[in-house]
Amino acid sequence: MLIKKPFRWSLTENQATPESVYHQRRDILKKLGITLVGMPLASQANAGLFDAFTGKDKKIVDNRRALATQSSVYSNKQLSLTPESKVLEYNNFYEFGTDKSDPAARAQNFKTNPWNIEIGGMVRKPMTLGYEDIFKKFTLEERIYRLRCVEAWSMNIPWIGFQLADLIRMASPTSGAKYVAFETLYDPKQMPGQASRRLGGGIDYPYVEGLRLDEAMHPLTLLSVGLYGKTLAPQNGAPIRLVVPWKYGFKSIKSIVKITLTDKQPPTTWNILAPNEYGFYANVNPKVDHPRWSQASERFIGEGSVFSSRRQPTLMFNGYEREVASLYKGMDLTRNY
Ligand SMILES: Nc1nc2c(c(=O)[nH]1)N[C@H]1C(S)=C(S)[C@@H](COP(=O)(O)O)O[C@H]1N2
Ligand SMILES: [Mo]
């Protein structure tokens with residue numbers, strides 16, 4: 001899988017954009033000479049600064065740190081962003097409950113440092129990454145991507161992260177490796193949805209996901225450690241989560257503790273739960289409906305009330321068709337949903 005030429009994106013949108021606010025904020029910091037490396041944003045002084053300039057951010061407990069990033073040719077810079085407050089408050093993270101507001105409410109004290117990720121299976125160099133390694137071993141980029149949930153809503157989010165391919169290459173897969181399996185932390189003491197089947201939506205935890213190796217190596221596939229200029233909040237999958245922008249959101253597994261290279265297609269949580277509704281591939285496809293609803297359009301979550309948000313057409317591979325269609329050449333996408 002090679003993409004050598006710089007990216008050209010197929011679509012621009014002209015919705016009212018909170019993006020200007022985001023860039024404005026960064027300019028303000030720069031003018032004040034505030035460096036963006038390792039600066040904790042939890043301090044009252046900084047929180048107040050943002051409030052004064054945007055009048056939008058609420059004062060909540062916020063342990064996120066600012067992260068320095070490089071710009072990326074894989075970032076879709078013309079997309080108008082979903083406001084940060086909605087990215088932080090409208091979530092799916094069933095380990096903390098099934099309502100959209102549950103993760104933000106219940107994950108505030110989720111412990112993400114110390115943290116270890118094990119990389120193993122069919123690799124020559126198995127390893128364990130600690131919390132600091134996650135942030136220090138890789139060059140972090142900002143990537144503005146579309147996120148399309150299988151429930152037919154969408155957001156545009158400025159992620160921070162590095163290519164999963166960088167990590168996989170470090171571990172040096174053996175020639176037999178064909179798939180990559182991922183696992184979320186299992187800790188029912190911290191995750192009420194794992195302690196109660198009712199709260200956790202009937203899922204058998206830990207949450208597991210998987211990709212074909214070529215999908216995992218694709219340059220768009222990101223391991224994300226932050227968004228909107230800062231480290232991830234717990235509800236978004238801190239300290240590290242997957243982001244696969246051309247697939248339905250449930251593939252983008254949160255709070256990862258284990259990555260395993262394997263020669264067999266790994267089991268995946270939503271496929272186990274309802275195999276006729278959620279497949280292994282889960283590529284965004286407006287022409288293949290979910291058995292219970294249409295996937296032809298989506299509710300874009302922008303400014304204003306979540307319920308007043310406008311519908312927009314869903315794009316093949318979520319707008320990344322040019323970049324990823326070749327991965328599925330000759331496959332029946334209706335059968336391999
Ligand atoms: N471990 C875990 N990962 C998960 C989920 C989950 O419930 N548990 N939900 C998925 C779904 S359905 C979506 S749409 C995205 C939402 O990510 P966000 O809340 O950061 O926007 O996370 C995905 N990753
Ligand atoms: Mo989702």
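# Pockets, a ligand and a few odd bonds

Mentor: Strand E4, residues 153–163, gives four residues to the lining of the largest pocket, the most of any contributor. Keep in mind that this is a predicted model.

Trainee: Okay, so what volume does the largest pocket have?

Mentor: The largest pocket has a volume of about 510 Å³. It is lined by 29 residues, and the closest to its centre are Asn92, Cys149, Tyr207, Gly249 and Phe250.

Trainee: How do the residues of that lining divide into nonpolar, polar and charged?

Mentor: For the largest pocket, you get 17 nonpolar, six polar and six charged residues in the lining.

Trainee: And where's ligand 1?

Mentor: Ligand 1 takes up the space of the largest pocket. There are 16 residues around the ligand, and Asn91, Tyr94, Glu95, Ser252 and Lys254 come nearest.

Trainee: What classes make up the shell around ligand 1?

Mentor: That shell has seven nonpolar residues, six polar ones and three charged ones.

Trainee: Which side chain has an N or O atom 2.8 Å from a nitrogen atom of ligand 1?

Mentor: That's Glu95, with a side-chain N or O atom 2.8 Å from a nitrogen of the ligand. Two asparagines come up as well: an oxygen atom of ligand 1 is 2.9 Å from an N or O atom in the side chain of Asn91, and an oxygen atom of the ligand is 2.9 Å from an N or O atom in the side chain of Asn236. As for cover, ligand 1 taken alone exposes 530 Å², and the protein buries 98% of that.

Trainee: Switching topic: how much space lies in the second largest pocket?

Mentor: About 380 Å³. The second largest pocket has 23 lining residues, with Asn63, Arg64, Thr112, Leu232 and Pro234 nearest its centre. By class, its lining holds 12 nonpolar, seven polar and four charged residues.

Trainee: Now the backbone. Which peptide bond is cis, with omega near 5°?

Mentor: The one from Asn113 to Pro114. Pro114 lies in the loop between helix H4 (102–106) and strand E1 (116–121). There's also a cis bond from Ala238 to Pro239, with omega near -5°. Pro239 is in the loop between strand E8 (230–231) and strand E9 (241–243).

Trainee: Why bother pointing those out?

Mentor: Because most peptide bonds are trans. Phi has a usual sign too: most residues other than glycine have a negative one.

Trainee: Which residue other than glycine has a positive phi, near 50°?

Mentor: Tyr228 has that positive phi, near 50°. You'll find Tyr228 in the loop between strand E7 (222–227) and E8.

Trainee: Back to the ligand for a sec: what should I look at in the viewer?

Mentor: Find the largest pocket, whose space ligand 1 takes. Then pick out the side chains of Asn91, Glu95 and Asn236.

How values were computed. Residues are numbered from 1 along each chain as its sequence is written. Chains are lettered from A and ligands numbered from 1 in the order in which they are written. This is a predicted model: local features need pLDDT of at least 70, side-chain atom pairs count only at pLDDT 80 or more; totals for chains, interfaces and linings use all residues. Side-chain values use heavy atoms; hydrogens and water are left out. On a 1 Å grid over the protein atoms alone, a cavity is a set of points where a 1.4 Å probe fits but cannot get out, and a pocket is an open set with protein on both sides within 12 Å along at least five of seven lines; lining residues have an atom within 4 Å of a point. Grid points are joined across faces, edges and corners, and a volume is the space filled by probe spheres set on the points. Helices (H or I, at least four residues) and strands (E, at least two) are DSSP runs, numbered from the N terminus. Ala, Val, Leu, Ile, Met, Phe, Trp, Tyr, Cys and Pro count as nonpolar, Asp, Glu, Lys and Arg as charged, and the others, Gly among them, as polar. A residue is near a molecule or strand if one of its heavy atoms lies within 4 Å of it. A polar contact is a pair of N or O atoms within 3.5 Å; within protein, one must be able to donate a hydrogen and the other to accept it, and residues adjacent in sequence count only if both atoms are side-chain atoms. Accessible areas come from the Shrake-Rupley method with a 1.4 Å probe; for residues, only the protein chains shown count as cover. A molecule sits in a cavity or pocket if more than half of its atoms lie within 2 Å of its grid points.
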